[in-house]
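This report describes the strands, the sheets they form and two loop residues with unusual backbone angles. Please keep the sequence and the structure in view while reading.

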Amino acid sequence: DWRGMRMLLGLADGRLELRDLEYGDTLAELSRPRPAPQTRRRVGAITTLTWDVERDLALSGACDCSLAVWHVGSGEVVNQLFGHLAPVNVVAADFDREVAVSCSIATFR
């Protein structure tokens, strides 16, 4: 049964959308406030995402080499982290222990 279920989408423009699965309606749009400083460009596409529904927290990685911790209910970005040297490919989090792992793959020529 899909009634009452929600889906969190990471978008190409760096936003998250919270949608109702039954009707496909957009319930909320979340935006990051600033791009990664080393990119000197706009906010990058969300490439990976994990969501703790009980705590209403999400962790995203993006192609601008940044990570963001989101409070989905309020639409606020709790924290942004910059430090990857290549786009973030994978994130995993244990929100109970406040631990996260991220991975990026750089191609050198």
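## A buried cysteine in a loop

Cys65 counts as buried, at 8% relative accessibility, because the cut-off for that class is under 20% relative accessible area. The structure is a predicted model. Cys65 sits in the loop between strand 5 and strand 6, the latter covering residues 66–71.

The backbone of Cys65 also deserves a look. Its phi is positive, about 70°, although Cys65 is not a glycine. Most residues other than glycine have a negative phi.

## A second positive phi

Where does Asp56 lie? Asp56 is in the loop between strand 4 (46–52) and strand 5 (57–62). Phi of Asp56 is near 60°, which is again a positive value in a residue other than glycine.

Is Asp56 buried or exposed? With a relative accessible area of 16%, Asp56 is buried, since the value falls under the 20% limit.

## The four-stranded sheet

Strands 4, 5, 6 and 7 make up an open sheet, in the order 4-5-6-7 and with antiparallel pairing. At its edges are strand 4 and strand 7 (76–82), and each of these pairs on one side only. On average, neighbouring strands of this sheet are turned by 15° against each other, with direction ignored.

Within this sheet, strand 5 and strand 6 are joined by five bridges in the antiparallel sense. Ser60 has Ala68 of strand 6 as its bridge partner. The loop between strand 5 and strand 6 is the one that holds Cys65, while the loop between strand 4 and strand 5 holds Asp56.

## The three-stranded sheet

An open sheet is also formed by three strands, in the order 1-2-3, and here the pairing is antiparallel. Which strands of this sheet stand at the edges? They are strand 1 (6–10) and strand 3 (26–30). Each has a single partner strand, so one side of each is left without a neighbour in the sheet. From one strand to the next, the twist averages 15°.

Strand 1 pairs with strand 2, residues 16–20, in the antiparallel sense. How many bridges does this pairing run over? The pairing of strand 1 and strand 2 runs over five bridges. Opposite Arg6 stands Asp20 in strand 2.

Notes: Residues numbered from 1 in each chain as written. Predicted model: local features only at pLDDT ≥ 70, side-chain atom pairs only at ≥ 80, totals over all residues. Heavy atoms only, no water. Pairing = 2+ DSSP bridges. Helix = DSSP H or I, 4+ residues; strand = E, 2+ residues; numbered from the N terminus. Axes fitted to C-alpha atoms, helices over the stretch in contact; angles between N-to-C directions. Buried < 20%, exposed > 50% of the residue type's maximum accessible area, 1.4 Å probe, protein only.
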